[in-house]
Amino acid sequence: MPTSKGTDIVILGAGLAGLTLATKLLSRSSGLNVIVIGPEDTRNQYVSFWIDKDESTPFTPFLLQKWQRWGFNHAKSGFITQSSQQKSYVSMDARMYKAHLERQLERTPCQRIRARVTDVRVNSGSCDIHMGAETLTAATVIDTRPPRIPETTLKQQFWGATVDLSRAHGISAPILMDFDVKPIADDGITFIYILPLSSSQLLVEATTFSTHPQSVRDYKDCVSQWVINNLSSEVKLDSGQSEVGILPMGPVLPIEPELPNCGLAGGAARPSTGYAFTGTERQTERLVMRILAGLAPDTKTPFSARANWMDKVFLRVAKRQPERLIELFMAMAQRLSGDDFADFLSDTGGWLPCWRTIYVAPKLPFIQAAATTLLDQKWR
């Protein structure tokens with residue numbers, strides 16, 4: 001096994017964060033020796049996020065759909081639709097995108113090692129990376145492997161499947177949150193997330209915000225019941241077309257905290273929502289800029305201080321009074337514009353969407369939570 005030189009960049013993990021970082025580095029500098037270590041990630045994965053409606057991005061060919069409307073549903077409030085003038089909500093087939101990045105790396109000098117890292121030893125000025133009996137030593141290592149999630153951290157757990165119908169389903173825009181379902185978690189909230197992939201195909205996903213992981217069987221039952229109640233149809237849920245995961249909504253434990261971390265281990269998931277792709281893009285971009293400028297890579301949140309403060313408030317309420325989160329999301333759906341909602345969740349648009357969100361939020365629990373976090377927060 002080769003030993004890397006001091007100019008090499010070794011990236012641990014070959015998911016979205018690792019492959020994106022490697023591809024960006026090699027597209028902007030032909031003088032770097034980049035090594036990516038980790039098994040190929042072939043699991044089903046959809047990622048959704050907001051972009052400016054006229055924005056063209058490297059992942060545009062892998063977008064399944066683009067929408068400027070999205071909806072919310074609750075038994076008490078009914079169905080609410082938001083529309084955006086400036087933003088598009090998009091969904092990407094991340095498995096296809098990762099395969100594309102792998103093919104791009106094959107056309108570069110990148111050394112791609114499809115082995116699992118078994119141990120990492122950080123020394124003074126270097127790092128030993130063990131892959132079973134093989135060892136590689138490098139001066140600069142960035143860890144993009146998924147972190148461990150502490151038991152006390154709020155988690156977004158989900159299970160979803162692609163549902164194929166023999167007729168048109170009539171859903172023309174995503175339903176971001178449908179709360180009119182039987183709760184899965186006792187200590188959190190449950191909702192259904194819907195993406196219309198075609199006129200007769202839907203991604204139906206059951207999600208919880210909870211500190212405790214729940215049984216996959218419960219999520220499957222929740223999805224099945226939603227399909228029966230809303231589409232008047234029983235369908236067989238194909239596990240081959242399903243996706244499952246847990247996203248951290250709070251502190252995580254990186255596998256190797258002494259290394260610079262990127263992706264979920266680096267805090268790329270927005271704590272108030274679990275959305276991670278935008279944060280990962282920002283982190284990888286910042287790391288590339290630092291490396292090309294001759295600076296050492298480091299771990300830094302991709303979100304602004306105002307967003308971090310708002311998320312602290314959100315998490316305090318989520319842990320103490322999770323039922324109030326439903327009030328918050330439905331108030332945001334009713335009283336914010338689509339642009340303000342998208343800007344708040346994407347951490348764009350400055351303070352204005354934050355102030356508008358504060359204004360519409362249920363007052364007492366959020367004021368109490370804000371009071372406990374306000375004094376120690378440095379804004380920018």
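## A walk through the model, starting at a pocket

Start at the second largest pocket, which holds about 470 Å³ of space. A pocket here is an open set of points on a 1 Å grid over the protein atoms alone, with protein on both sides within 12 Å along at least five of seven lines, and lining residues have an atom within 4 Å of a point. Grid points are joined across faces, edges and corners, and the volume is the space filled by probe spheres set on the points.

Before you click on: this is a predicted model, where local features need pLDDT of at least 70, side-chain atom pairs count only at pLDDT 80 or more, and totals for chains, interfaces and linings use all residues. Residues are numbered from 1 along each chain as its sequence is written, and side-chain values use heavy atoms, with hydrogens and water left out.

**The pocket lining.** Select Glu-55, Thr-57, Phe-59, Phe-277 and Glu-281: of the 25 lining residues, these lie nearest the centre of the second largest pocket. Now colour helix 1 (16-28), strand 3 (46-52), helix 2 (94-106) and helix 4 (277-292), the elements that give two or more residues to this lining. Helices (H or I, at least four residues) and strands (E, at least two) are DSSP runs, numbered from the N terminus.

**The largest cavity.** Keep strand 3 and helix 4 on screen and add helix 7, since each supplies at least two residues of the lining of the largest cavity. A cavity is a set of points where a 1.4 Å probe fits but cannot get out. The volume of this one is about 100 Å³. Among its lining residues are Trp-50, Tyr-275, Phe-303 and Leu-345.

**Helix 7.** Zoom in on residues 338-346. How many of the residues of helix 7 are buried? Nine of its nine are, where buried means under 20% relative accessible area, exposed over 50%, and partly exposed in between (1.4 Å probe, protein chains only). Step on to Asp-347, which follows helix 7 and has a positive phi, near 60°. Asp-347 also helps line the second largest cavity, along with residues including Arg-270, Arg-306 and Cys-354. That cavity has about 40 Å³ of space.

**The open sheet.** Next, show the seven strands that make an open, mixed sheet in the order 6-5-14-15-16-13-17. Strand 6 (78-83) and strand 17 (242-248) are at the edges with a single partner strand each, so one side of each has no neighbour in the sheet. From one strand to the next, the twist averages 20°. Strands pair if DSSP finds at least two bridges between them; strand 13 (residues 155-164) and strand 16 (residues 201-210) run antiparallel and are joined by ten. Pick Lys-155 and you'll find Ser-210 opposite, in strand 16.

Lay helix 3 (residues 216-231) over this view: it crosses strands 13, 14, 15, 16 and 17, at about 130° to strand 16. Angles run from 0 to 180 degrees between N-to-C directions, with axes fitted to C-alpha atoms, for helices over the stretch in contact, and contact means heavy atoms within 4.5 Å.

**A hairpin and a loop.** Finish with strand 10 (residues 126-131) and strand 11 (residues 134-138), an antiparallel pair with five bridges. Two residues sit between them, and Gly-132 takes a positive phi near 65°. Your last stop is Arg-116, in the loop between strand 8 (111-113) and strand 9 (119-123). Is Arg-116 buried or exposed? Exposed, with a relative accessible area of 61%. Leaving out residues up to four places away in sequence, Arg-116 touches Pro-39, His-130 and Met-131.
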